[in-house]
Amino acid sequence: MGLSEYKKKRRFNKTPEPGPEEKTSELGNLFVVQKHRATQLHYDFRLEADGVLKSWAVPKGPPMDPTVKRLAMQVEDHPVDYANFEGVIPEGEYGGGTVMVWDIGVYATETTTSVSRALAKGELKFVMLGKKLKGSFVLVRTRERQWLLMKHKDEYAKEGEDITETQPYSVLTKRTLAEIAEDEGGVVEKAATGDPKKLPRRTGTKRRKKSAKKKVWHSNRG
Ligand code: MN
């Protein structure tokens, strides 16, 4: 696919999203899951392959419950630098709304063929090593851009638990979607933040705001 569709959809003098540059990350096998409150709340599931992030929009988010199948609509490839993007896409721009890095890590295929070959065939079995998502998963194509994302039974599987509810915070900054919107000048819609009503206890380091330095860099770009 490449990044031509990604480029065509965006105005890079208006959005803080990374430009359409193909490259390979240091590790070469990144994955990221971004929680995105646009018109509809969804999770963007991205796997690095061939210099880009292969991407799916997963309305209900990735499952850790092996009895659950989650619809995953394939969308345009994204640049590898997108893996670290957390912030606000201005209203009126493509994908306008708030983006959180919900999980990040590395993955490995469980088959001998390459990722792109497996995807072309419509089935990719892979192991994830993230902060939230761990263990064996499969993506299966059902038609054209429509796929199913499923967790395999293994020691990490959690039957009856929705990990999007129990682990709602950013893995980069510990913030909720509403806090990211608030910090970065986005629209905070109390009823539609995508944050659960009852938030679980925050563990580890405290919520931190983005550094002033990074904010200046963002505003200089725009
Ligand atoms: Mn999205």
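In this predicted model, the manganese ion is held by three protein donors, namely ND1 of His-36, NE2 of His-42 and OD of Asp-44, which lie 2.1 to 2.3 Å from the ion. Read along the chain, these donors follow the spacing H-x5-H-x1-D. Two of the donor residues can also be described by their accessibility: His-36 has a relative accessible area of 8%, and because buried means under 20%, His-36 is counted as buried. Asp-44, at 7% relative accessibility, is likewise classed as buried.

From the metal site the reader may turn to strand S7, which spans residues 123–130 and presents two faces. Its covered face carries Leu-124, Phe-126, Met-128 and Gly-130, whereas Glu-123, Lys-125, Val-127 and Leu-129 make up the uncovered face.

Strand S7 also has pairing partners, and two of them can be followed here through residues of the covered face. Strand S6, formed by residues 97–109, pairs with S7 in the antiparallel sense over five bridges, and within this pairing Met-128 of S7 is the bridge partner of Tyr-107. Strand S8, formed by residues 134–143, pairs with S7 in the antiparallel sense over seven bridges, and here Phe-126 has Phe-137 of S8 as its bridge partner. The chain passes from S7 to S8 by way of a hairpin of three residues. Met-128 and Phe-126, the S7 residues named in these bridges, both belong to the covered face of the strand.

Key:
Residues numbered from 1 in each chain as written. Predicted model: local features only at pLDDT ≥ 70, side-chain atom pairs only at ≥ 80, totals over all residues. Heavy atoms only, no water. Donors = N, O, S within 2.8 Å, 3.2 Å for Na, K, Ca; no water. Buried < 20%, exposed > 50% of the residue type's maximum accessible area, 1.4 Å probe, protein only. Helix = DSSP H or I, 4+ residues; strand = E, 2+ residues; numbered from the N terminus. Pairing = 2+ DSSP bridges.
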